[in-house]
Amino acid sequence: MFKIEKKNINLGFMPLTDSAPVVIAYEMGMFKKWGLNVTLTKQNSWATLRDKLHLGVIDAAQMLAPMPIASNLGLYGQESQVISPLILSRNGNGITISTALYQKLLAHKNNTEISMPFSANILSPEIKERKKEGEKLTFAVVFPYSCHYYELIEWLKEGNIALSDINLLFVPPSGMVPSMQSGDLDGFCVGGPWNAKAVREGVGVTGVTSSDLLQDSPEKVLGLMSSWQSKYPQTTLALVSALYEACQWLENVPNRFEAARLLSRACYLDTHIDVIAPSLLGSCLTFNGTTPRKVTSYNQFSTLDDPEFNKPALNCGEKIADLMQECGHISTKQRTELSIANIYREDIYLTAISI
Amino acid sequence: MKKSTLSLSKNNHIKEPTAKLKVLLAENNHVKAKALMDVLTNTEYDIYHIANSGVPLLKDVEQLNPDVIIIDIESPDRDMLENLNKISQFAPKPIVVFSEQENDKTTINQIVKSGVSAYVVGDIGQDRVKSIIDVAIARFGLFQGMKQELADTKQKLSSQKNIDKAKRWLMETRQLSESDAYNFIRKIAMDNSQKMDDVAKNILSVASIF
């Protein structure tokens, strides 16, 4: 056990399906076991979660994997030394297009179904059609420095669609399904439970997931300030250990159903288990009323066959930084000067799991 | 869209003599919205309250083309509004984030550095709300590429008295004439029954964040 310097921890999270590790560590007693008294504080926007972490209003947070890098570079304000000692999850996002757009694409192809996962190339005829009227398809993601954004870009690139061929908006997760229903959005790339919700409500068709695009790219990470870690090194190790154990607990599929039940509570996702459970169980709902697609790694928190799954390895961080550079989020100079080893701290991770 | 609060006197023009600044208040809670709008009554702003979220809110922003947006720190729409400038078809907007939770001044100053134009923390009825919004707008202008100019200005101003400093800062950042800048500070002081020196300090405390 560790010599805990700070027992009471305020941990920020966003109400998404892949917040499972923090919820499980709390509900199943992992935090307690490691001597921590954790308060989970639900956040409503990534910007506010970031500000609260930078300022110490919260001690640690579940963050989008690119956020610690963005904080260190000062991409969204003041430079802040945020580190990540643990990868909490990989994959978990999906690209959903509106049912109306899907029907149009079927008509273009003169077909009754489109095989999944589908390429962005299927959008081509509709993009051309709209171009004649001076219009574009509109897609949305949640946050610029996110895997959702890089996955959407990747999907378009693979399908030979230029980003300039579509309108891209940033819309909060809770706004995605209503905006698709009202016809304001033709597609989005978002995490659970929002893809499943769109399908269940007959509003959208989920055609592709992170597992089909940037396979096993880190999605959510534990983020904390470098100064906080220096001040509370043992507490940091305990926090990593507790969350690592929760990730391992989630490897077991029957446990994931229990996780779905817990996540559906009002204090967490506050939504029906019907839209939370599928992705956790490796089921990608595609079209309302049809057989789901099996995507075993849809939401992944650990694997038995890869002991390095949760390790914030240098190459994981480098890969994310490459994606950030490719889409113009960071310059070549910033990329060159970036020291990933100071952000993705596998040394802390290795110390924690060796205990 | 509900519109309220139209008031303008001679000396408080910000951009050009005929323009009133448009302030969009994005707030789903009508009680909170009313409290903030009451504070901003009888100022040089046109206040527009919008209770929409998500894409409908984005459309309202596009249509209204406000000079500044005010939003609750706990709103899910914050990510959307803060990233407006990453979407080519929208011009970037200064954002003022408010929070009902009290924090000390250091915290406010720190949080402003983290990306938004300004934070209003604590009791939204405080007199400083107006001047913070004023300064947020000026700050945002700087954020768009005038940082060097400001650095030079800050250097030049370091030896002057508060009012002179605040006046010069307003002149540099908002292209106001000397008398307009002076009147601007005086107007805020009169509206809030404050000393001009205090208003100047208030402006400078936000200016110093750069």
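# Worked exercises: strands, sheets and contacts

In strand E4 of chain B, B:Val68 is the bridge partner of B:Val23. The model used here is predicted.

**Exercise 1. Find which strand pairs with E4(B), and in which sense.**

Step 1. Start from the bridge between B:Val23 and B:Val68.
Step 2. Place B:Val23 in its strand: E2 of chain B covers residues 21-26.
Step 3. Read the pairing. E2(B) and E4(B) run parallel, joined over 4 bridges.

**Exercise 2. Decide whether the residues of E4(B) are buried or exposed.**

Step 1. Apply the cut-off: a residue is buried if 20 or more other C-beta atoms lie within 10 Å of its own.
Step 2. Take the strand, residues 68-72 of chain B. Here 5 of its 5 residues are buried.
Step 3. Split them by face. One side carries B:Val68, B:Ile70 and B:Asp72. The other carries B:Ile69 and B:Ile71. Both faces are covered.

**Exercise 3. Describe the side of chain B that touches chain A.**

Step 1. Count the residues. Chain B gives 22 residues to the contact, and chain A gives 26 residues.
Step 2. Locate the helices. H2 (54-64), H3 (78-82) and H4 (105-113) of chain B each supply at least two residues to this side.
Step 3. Sort the chain B side by class: 7 nonpolar, 8 polar and 7 charged.

**Exercise 4. Lay out the open sheet of 6 strands in chain A, and find its edges.**

Step 1. Write the order: E2-E1-E3-E10-E4-E13, with mixed pairing.
Step 2. Pick the edges. Strands E2 (37-42) and E13 (299-300) of chain A each pair on one side only.
Step 3. Check one pair. E4(A), residues 82-91, runs antiparallel to E10(A), residues 218-225, with 6 bridges between them. Within this pair, A:Ile83 has A:Leu224 as its bridge partner.
Step 4. Add the helix. H1 of chain A, residues 20-27, lies across E1 (8-13), E2, E3 (60-64) and E4 of chain A. The angle between H1(A) and E2(A) is about 140°.

**Exercise 5. Work out how the two domains of chain A meet.**

Step 1. Set the bounds. Domain 1 is built from 8-90 + 218-270 + 299-354, and domain 2 is 93-212.
Step 2. Place the centres. Taken over C-alpha atoms, they are 28 Å apart.
Step 3. Count the contact: 17 residues of domain 1 of chain A meet 14 residues of domain 2 of chain A.
Step 4. Classify the domain 1 side. It has 11 nonpolar, 4 polar and 2 charged residues.

Conventions: Residues numbered from 1 in each chain as written. Chains lettered and ligands numbered in written order. Predicted model: local features only at pLDDT ≥ 70, side-chain atom pairs only at ≥ 80, totals over all residues. Contact = placed C-beta atoms within 7 Å. Nonpolar A, V, L, I, M, F, W, Y, C, P; charged D, E, K, R; others polar. Buried ≥ 20, exposed ≤ 12 C-beta atoms within 10 Å, placed from the backbone. Pairing = 2+ DSSP bridges. Domains from an automatic or database assignment. Axes fitted to C-alpha atoms, helices over the stretch in contact; angles between N-to-C directions.
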